Amino acid sequence: MPDPMLLLQMLVLLMVIGGLAGVLAGLLGVGGGIVLVPCFFYAFQTLGYGGAQLMQMCLATSLATIIVTSMRSVLSHNRKGAVEWDILRGWAPGIALGAVIGVLVAASLRSTTLQGMFGALGILIGAYMGLGRSHWRLGDAMPRGLTRALLSPGVGFLSVLMGIGGGSFGVPLMSLYNVPIHRAVATAAGFGVIIAVPSVIGFLFLEIPSEVRPPFTLGAVNGVAFLVVICMTLITAPLGVKLAHAMDPKPLKRVFAVFLTLVALNMLRKALGW
């Protein structure tokens, strides 16, 4: 077991991480996973846990928190009538299939490979957040048929490889297909549930040697990090929502895009061994 003082320090760090993720989720409409995965990575490393499956633990624990936060979010949005249930029902099977494939792929990869993927995809998301324009369009309505059959598994698959919910890919996608932003955010919360539930079930069966996993880890999900982060995000997410209504989040979103890009570049640097 790690030194009790070190565990106490990590508990405080996880509380800060969870609080920050909750505020950002409420303020900017981005999923907490985009913050949680790199934070978990550095936290577990600081505790002295590493190995070839470190990123799997980070992804799995992040996705476990998304089950709770996304369910809470989609229920809250539904009370305001903002969820596009037709989109959610039509896209759910493909997203779930992509999430299952994502778990199978993630379980077979080394931590450094997943770091590199997170870094590359994080740079793309940061670029879109910072440079994207609200008037950009790929179509006037969400695609159906073959296009949906191809895109929906991609959303689930890429989200699992990054340990994130539906917001980072789902919101830009729906915005590009002319879904109003507040309805896109609400519906993407439903994407998060569909992504997280099957993927976490899969990660619970992933075997990780006891000597390289933090205490109280079931499969690849760390129970301590999950509980601390959930408690903090439930407290701080409403604060982020209040701040979003009190100020213009667009400049903050661009600042966060720069921050995310730097974090992603650092993950990519570590993956390449630089």
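# Reasoning through a predicted model

Me: What follows helix 2, and what is its phi?
Reply: Glycine 48 comes after helix 2, and its phi is positive, near 100 degrees. Please keep in mind that this is a predicted model.

Me: Which residues have a positive phi although they are not glycine?
Reply: Asparagine 178 is one of them, with a phi of about 70 degrees, and phenylalanine 216 is another, with a phi of about 60 degrees. Most residues other than glycine have a negative phi. Asparagine 178 sits in the loop between helix 7 and helix 8, while phenylalanine 216 sits in the loop between helix 8 and strand 1 (217-218).

Me: How do you know whether phenylalanine 216 is buried or exposed?
Reply: Its relative accessible area is 65%. Exposed means over 50%, so phenylalanine 216 is exposed. For asparagine 178 the value is 37%; that falls between the 20% and 50% limits, so asparagine 178 counts as partly exposed.

Me: What makes the nonpolar surface patch?
Reply: Phe216 turns up again here, together with Met5, Leu8, Leu11, Val12, Met15, Val16 and Val224, and the patch covers about 740 Å². Its largest share, six residues, comes from helix 1 (residues 4-28).

Me: Why can leucine 11 belong to a patch, given its relative accessible area?
Reply: A patch residue needs over 30% relative accessible area, and leucine 11, in helix 1, has 36%, so leucine 11 clears that limit. At this value leucine 11 is called partly exposed.

Me: Why is isoleucine 17 described as buried or exposed?
Reply: Isoleucine 17 is also found in helix 1, but its relative accessible area is 5%. Buried means under 20%, so isoleucine 17 is buried. Not counting residues up to four places away in sequence, isoleucine 17 touches Leu36 and Cys39. Its C-alpha is 7.1 Å from that of valine 229, although the two are 212 residues apart in sequence.

Me: What makes helix 2 enclosed by the rest of the structure?
Reply: Of its 14 residues, 10 are buried, so helix 2 is largely enclosed. The buried ones are Gly33, Ile34, Val35, Leu36, Val37, Pro38, Phe40, Phe41, Ala43 and Phe44.

Me: How do you know what span to expect for helix 2?
Reply: The expected span is 1.5 Å times one less than the number of residues, which for the 14 residues of helix 2 gives 20 Å. From first C-alpha to last, helix 2 reaches 19 Å, close to that expectation.

Me: Why is serine 168 said to be buried or exposed?
Reply: Its relative accessibility is 12%, and the limit for buried is under 20%, so serine 168 counts as buried. This serine lies in helix 7 (residues 167-176) and, leaving out residues up to four places away in sequence, touches Ile34 and Ile125.

Me: What does the side chain of asparagine 222 reach?
Reply: There are two backbone partners to point out: the oxygen of proline 215 at 2.9 Å and the nitrogen of alanine 225 at 2.9 Å. A polar contact needs N or O atoms within 3.5 Å, so both distances meet that limit. Asparagine 222 belongs to strand 2 (residues 221-222), and its relative accessible area of 4% makes it buried.

Me: What makes arginine 183 and glutamate 84 a salt bridge?
Reply: Their closest N and O atoms are 2.6 Å apart, and the limit is 4 Å, so the pair qualifies. Arginine 183 lies in helix 8 (residues 181-204) and glutamate 84 in the loop between helix 3 (54-79) and helix 4 (85-108), so the pair ties together parts that are 99 residues apart in sequence.

Me: How many salt bridges does the structure hold?
Reply: Two. Besides the pair just described, aspartate 86 bridges to arginine 89, with closest N and O atoms 2.8 Å apart. Both lie in helix 4, three residues apart, about one turn of the helix. Residues three or four places apart in an α-helix point the same way, because there are 3.6 residues a turn. With relative accessibilities of 58% for aspartate 86 and 54% for arginine 89, each passes the 50% limit and so counts as exposed.

Methods: Residues are numbered from 1 along each chain as its sequence is written. This is a predicted model: local features need pLDDT of at least 70, side-chain atom pairs count only at pLDDT 80 or more; totals for chains, interfaces and linings use all residues. Side-chain values use heavy atoms; hydrogens and water are left out. Patches are made of residues with over 30% relative accessible area and no salt bridge: like charges are joined within 9 Å, nonpolar side chains (Val, Leu, Ile, Met, Phe, Trp, Tyr) within 5 Å. Accessible areas come from the Shrake-Rupley method with a 1.4 Å probe; for residues, only the protein chains shown count as cover. A salt bridge is a side-chain nitrogen of Lys or Arg within 4 Å of a carboxyl oxygen of Asp or Glu. Helices (H or I, at least four residues) and strands (E, at least two) are DSSP runs, numbered from the N terminus. Buried means under 20% relative accessible area, exposed over 50%, partly exposed in between (1.4 Å probe, protein chains only). A polar contact is a pair of N or O atoms within 3.5 Å; within protein, one must be able to donate a hydrogen and the other to accept it, and residues adjacent in sequence count only if both atoms are side-chain atoms. Contact means heavy atoms within 4.5 Å.
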